[in-house]
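Please take me through this structure stop by stop. I have it open in a viewer and would like to know what to select next and what is there.

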Amino acid sequence: MAHKILIVDDEPNIVISLEFLMKKEGFEVAVANDGEEALAKVASFNPDLMLLDVMMPKKSGFEVCEALRADPERAGLQIVMLTAKGRDTEVAKGLALGADAYVTKPFSTKDLVAKVKEMLAR
Amino acid sequence: MKAKHRFILAVVVLGLLMTGPFVVTSLLVWLDMKDAERVMLTELLLSRLPVGTMMTLFGFVVGVLVLHRLFKQYVEGLLRMAETLRLMLGANRNFRVTIEGPPEVQQLARAANDLAQQRDALMDDVEAQIATAKASVEEEKNRLAALMSELAQAVVVCNLDGRILLYNNRARLQFKALAQGPTSVSGGALIGLGRSIFSILEKNQVQHAQEVIRQRVATGKTAMANFITTTRGGQLLRIQMVPVLAAPGEGEAAMSGYVLTVENITRSIEQEAHRDQVLHLMTEGSRSALGNIRAAVTNLIDYPDMEPELRERFLRVIEEEVAKRGQSVDQTMAEFSHSMKTRWPLEDILGIDVIAAAQRRIEDKLKLPIKTEELDDALWVKADSFSLVFALVFLASKLQDHYEPRELRFRLTSAGKLAYLDLIWAGPAMSSETFYTWEMESMHAAGETSPLSLRDVIDRHGGEIWYQREKAAHRAFFRFVLPVATPEIGHDEESARGSNRPEYYDFDLFKFEDKSIDLDRKLSELTYTVFDTETTGLEPSNGDEIIQIGAARIVNNRLLRQEIFNQLVDPECPLKPESIPIHGITEDMVRGQPNIDVVLPAFHEFCEDTVLIAHNAAFDMRFLQLKEERTGVKFSQPVLDTLLLSAVVQPNQESHKLDVILERLGIHIESRHNALEDSLATAEVFLKLVPLLEEKGIVTVRQALEASEKTFFARVKY
């Protein structure tokens with residue numbers, strides 16, 4: 001059975017690329033455009049991995065991550081944070097809040113795919 | 001033994017000397033004789049006895065007379081001289097011994113007089129030296145104060161209690177600018193000699209900084225501490241503290257006070273935040289866009305066989321993102337070009353000061369006469385004056401080398417936000433290539449060189465320069481275009497209040513300890529607020545209102561003309577036409593001014609910890625008291641009344657009106673019947689009254705209050 005990936009980003013221009021890429025890699029893909037929608041989609045779609053943008057309206061990626069990590073049922077959900085914030089402090093914050101990986105934009109799609117595959121293979 | 005007794009003794013001795021040897025010799029001869037010889041001798045002697053006795057008596061009397069004379073001259077004369085000398089030693093330095101008596105005594109007297117002369121000369125010399133030393137200390141103090149007042153930094157010196165001993169003009173203006181509300185209402189209250197710095201700065205922070213300094217001193221580091229604090233108005237201040245250490249030789253160098261350098265960094269912090277924002281926009285804004293583009297491009301490359309529709313979509317993503325980035329770069333440049341351009345620290349300087357400096361150097365170094373034409377003497381420019389002056393000298397020297405002009409002229413004009421500084425000369429036209437090379441080469445003039453080129457200097461100023469001909473006048477000029485500066489703080493505000501050097505310092509406050517008002521302290525030691533009010537009329541209880549409060553401070557027996565309170569008050573009722581000629585305040589002047597609810601608390605703050613003084617204080621105090629309930633401020637400090645004090649000093653004078661007292665005490669005041677002027681006049685009166693009261697044994701505030709109460713005038717009530 002194909003792994004399920006939830007893409008959370010408010011920018012359609014990155015969502016379209018990620019969605020295309022992940023589908024090509026054979027994953028089942030769902031998209032959420034803000035933090036609240038992301039939480040709702042996690043419940044309905046039940047993804048294995050989540051590509052989560054930090055800067056979003058309504059709820060930030062940090063908040064979403066925190067909320068998910070507070071829920072023991074979602075312990076198995078892998079979270080990859082995608083962000084334009086490249087500062088060390090913010091990377092540290094993302095990881096401290098429970099993200100499994102932290103990818104800074106602009107990123108190589110190849111590396112991202114490789115990372116996603118590796119994480120799902122664990 | 002007294003001199004008289006000694007004289008009697010001397011007489012007795014003389015008597016014995018005259019009779020003794022004869023009597024003893026006779027006795028010895030008598031004992032040696034036979035009886036017949038004795039009878040013969042007795043006969044012989046007895047017949048001659050009267051003559052012998054007579055001679056002896058005569059000799060004795062002569063001897064006594066001689067003795068008496070000698071005694072008068074030597075003993076009594078010397079005693080007199082001793083008394084005179086005592087007098088010279090103590091009461092009257094100028095007294096001298098009278099030269100009289102025998103030569104030896106006269107010599108002694110002369111020697112004593114010479115000694116006295118020498119002593120006087122020495123004493124005069126010592127006094128003169130002390131006076132010189134005092135004057136030089138005073139001069140040093142004044143020089144320090146003058147120096148401080150010219151500093152561009154705000155400097156405040158405090159003792160360990162946090163009392164302000166010295167501050168400079170910049171500090172005054174800075175804290176005034178920080179004050180909220182109408183500046184003159186509360187601005188004056190913040191800074192002042194003897195006031196507490198803690199009304200401006202957080203006490204904890206200041207104490208913490210002191211602690212830091214102590215630790216640094218203990219570990220041998222530079223004694224200094226920095227902190228940043230926020231004022232009530234939300235401004236950011238960076239404060240540097242340096243200790244004032246007690247004079248060496250007093251054991252361990254203990255801190256007796258500290259110097260604070262205050263810098264308002266609100267604006268530079270804002271600028272920094274602004275720059276951060278730009279940086280943020282340029283980095284993180286780009287990251288996201290680049291990420292979008294990169295992902296789209298990779299997809300296009302990696303999956304060349306995707307459906308055309310999707311392909312079209314990815315291409316649009318790229319186009320959109322690139323366009324957005326382009327726009328954002330443009331926008332950033334437009335918004336922040338100003339803060340990116342001028343990174344070189346430029347100072348605000350009067351244009352004519354730059355010209356004066358350049359003129360001096362050119363005349364001095366190049367021996368080239370300079371004249372000036374139209375000069376806008378109120379024009380401030382933003383400039384690095386050193387490099388700018390150098391550039392002017394450089395151009396002058398270039399002109400001298402190439403065209404040998406007889407003289408150069410300066411002109412300074414302005415157009416909008418730009419200042420034009422022209423260097424004019426008469427002579428042939430020069431080619432633009434020549435000027436171009438001048439612009440680009442490293443500057444050198446009169447044996448000095450600079451690593452900068454003229455172009456560098458111009459860029460540094462964010463300015464321009466060009467060469468222009470005035471054909472009709474057969475002359476040409478270089479025009480420097482510089483940014484006009486608007487000085488932050490009014491520079492000529494000071495001149496309004498007397499041109500005397502400001503009284504921004506009082507080092508005696510180093511010893512200032514007591515904070516609350518102690519009625520048993522000397523009148524000359526206390527801090528006073530001398531005030532006066534102008535009112536709509538003379539009946540406070542019948543609805544008359546305050547329309548102006550003026551006040552000044554007296555600290556350590558000195559009137560501080562800079563630390564004043566001067567505020568018009570909107571009485572919220574019409575003025576009485578008949579009162580307008582008296583106080584000169586019109587309806588127009590009071591409308592729009594703060595009302596008493598605003599002014600009275602500010603005035604209350606201004607008076608904090610001081611004794612109040614007013615002329616006919618009961619009148620003014622009645623007005624203040626009537627407002628206590630409404631404004632919630634109570635003036636509970638002791639109040640001295642110069643009218644009553646004048647009556648104490650001169651009980652037999654009929655009038656104690658302010659004008660009359662001023663005349664009586666020889667005080668000249670330029671204008672009167674303005675609350676501020678009258679309070680200054682009252683202060684002068686008080687300062688003159690203090691020594692007169694002291695003569696009457698009235699030294700402390702308590703004594704002054706008690707004496708005031710007993711005067712007749714004290715019984716008049718409002």
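Which residue in E14(B) is the bridge partner of B:Gln468? Select B:Gln468 and look across to E14(B): the partner is B:Phe477.

Before going further, some ground rules. This is a predicted model, in which local features need pLDDT of at least 70 and side-chain atom pairs count only at pLDDT 80 or more, while totals for chains, interfaces and linings use all residues. Residues are numbered from 1 along each chain as its sequence is written, and chains are lettered from A and ligands numbered from 1 in the order in which they are written. Helices (H or I, at least four residues) and strands (E, at least two) are DSSP runs, numbered from the N terminus.

**Stop 1: a sheet in chain B**

Now select E13(B) together with strand E14 (residues 475-483) of chain B; these two run antiparallel and are joined by 7 bridges. Two strands count as paired if DSSP finds at least two bridges between them. Strands of a sheet pair through backbone hydrogen bonds, either parallel or antiparallel.

Widen the selection to the order E7-E9-E10-E14-E13 of chain B, an open sheet of 5 strands with mixed pairing. At its edges are strand E7 (370-375) and strand E13 (464-470) of chain B, each pairing on one side only. From one strand to the next, the twist averages 20°. Axes here are lines fitted to C-alpha atoms, for helices over the stretch in contact, and angles run from 0 to 180 degrees between N-to-C directions.

Add helix H10 (residues 385-403) of chain B. H10(B) lies across strand E9 (408-415), strand E10 (418-426) and E14 of chain B, at about 20° to E10(B).

**Stop 2: B:Val354**

Select B:Val354, which is found in helix H9 (residues 351-366) of chain B. Is B:Val354 buried or exposed? B:Val354 is buried, because 23 other C-beta atoms lie within 10 Å. A residue is buried if 20 or more other C-beta atoms lie within 10 Å of its own, exposed if 12 or fewer, and partly exposed in between, with C-beta atoms placed from the backbone.

Leaving out residues up to four places away in sequence, B:Val354 touches B:Ile349, B:Val381, B:Ala383, B:Ser385, B:Leu388 and B:Val389. Contact means that the C-beta atoms of two residues, placed from the backbone, lie within 7 Å. B:Leu388 is 34 residues from B:Val354 along the chain, with 7.8 Å between their C-alpha atoms.

**Stop 3: a second sheet and its helices**

Select the open sheet of 5 strands with the order E17-E16-E15-E18-E19 in chain B; its pairing is mixed. Strand E17 (558-568) and E19 of chain B stand at the edges with a single partner strand each, so one side of each has no neighbour in the sheet. Here the twist averages 25° from one strand to the next. Strand E16 (residues 546-555) of chain B pairs with E17(B) in the antiparallel sense over 8 bridges, and B:Val555 stands opposite B:Arg558 in E17(B).

Next, add H18(B), which lies across E18 and E19 of chain B at about 55° to E19(B). Then add H21(B): its axis and that of H18(B) come within 9 Å and cross at roughly 80°. That makes the two helices, H18(B) and H21(B), roughly perpendicular, a term for angles of 65 to 115 degrees. The contact involves B:Leu644, B:Leu645 and B:Val648 of H18(B), and B:Ala704, B:Ala707 and B:Ser708 of H21(B).

Stay with helix H21 (residues 701-710) of chain B and colour its buried residues, B:Val701, B:Ala704 and B:Ser708. They lie on the same side of H21(B), because they cover an arc of only 60° around the axis; the arc is that of the directions from the helix axis to the C-beta atoms. On the other side of H21(B), B:Glu709 and B:Lys710 are exposed.

**Stop 4: chain A and the contact**

Switch to chain A, which has 5 helices and 5 strands in the pattern β-α-β-α-β-α-β-α-β-α along the sequence. Of its 122 residues, 39% are buried.

Finally, show both chains. The contact takes 17 residues from chain B and 17 residues from chain A. On the side of chain B, H7(B) gives the most, with 11 residues.

Note on methods. Parallel < 35°, antiparallel > 145°, perpendicular 65-115°, else oblique.
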